[in-house]
Amino acid sequence: MKRQQDLTSPRSARRLGVAVDTDAFGSFAESIASFIGTARFLVYQTAFITIWILHNTLAPDSVVFDPWSRGFTLLTLVLSIQAAYAAPLILLAQSRQERRDRVVAEIDREVAERTQSDTEFLAREIASVRVSLSDMVTGESFDERIERLTDVVESLGRQFETFTASEAGSSAATTDDTSSTVADAN
């Protein structure tokens, strides 16, 4: 017999013409499994078994349907049937929940990857903004630069005044020399 390559899932069953809505049946199985896993179910089952045992031990023999002398065979059969159906229903509910958890985990992983890439992008953008802002003049450095520029302008103004004053003095002396030379020539 040739095996399938994928051993993670059972072989497809040969159907006998019976169509079953797997989602509806899975939802039914989950509702049964969730009810079986409650304290209410345990209370109901305990009450049922207690009534069964009390009825079959204390009632007159004419109404006893599962006598103690046979070891409550019918009760054992009922509980075995319950277990035989409960176990697969619980397993089916667990496998459906596992599939949902797997899908949710995959979605969470994708969201985490997108969040990480968005965070890395934003970190790069913030770094580039910081680099750009480090070259820009801030308010404090602008005030410092204005003060230095003002000092330089004032210094140049003083130098210009000194220069113009010295030029005025030298041009007056040159004018006096020129006029005396002109007077001597006459």
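**Notebook: N56 and two surface patches**

I began with N56 and found that a polar atom of its side chain lies 3.1 Å from the backbone nitrogen of D66. The N56 side chain also reaches the backbone nitrogen of F65 at 3.2 Å. I count a polar contact as a pair of N or O atoms within 3.5 Å, where within protein one must be able to donate a hydrogen and the other to accept it, and residues adjacent in sequence count only if both atoms are side-chain atoms.

I noted that this is a predicted model, in which local features need pLDDT of at least 70 and side-chain atom pairs count only at pLDDT 80 or more, while totals for chains, interfaces and linings use all residues. Residues are numbered from 1 along each chain as its sequence is written, and side-chain values use heavy atoms, with hydrogens and water left out.

Is N56 buried or exposed? I found N56 to be buried, at 4% relative accessibility, where buried means under 20% relative accessible area, exposed over 50% and partly exposed in between (1.4 Å probe, protein chains only). N56 lies in helix α2 (residues 39–58); I take helices as DSSP runs (H or I, at least four residues), numbered from the N terminus.

I then looked up Y85, which lies in helix α3 and is exposed, with a relative accessible area of 59%.

Last, I turned to E154, which lies in helix α4 (residues 139–185) and which I list as partly exposed, because its relative accessible area is 43%.

Definitions and conventions
Helix = DSSP H or I, 4+ residues; strand = E, 2+ residues; numbered from the N terminus.
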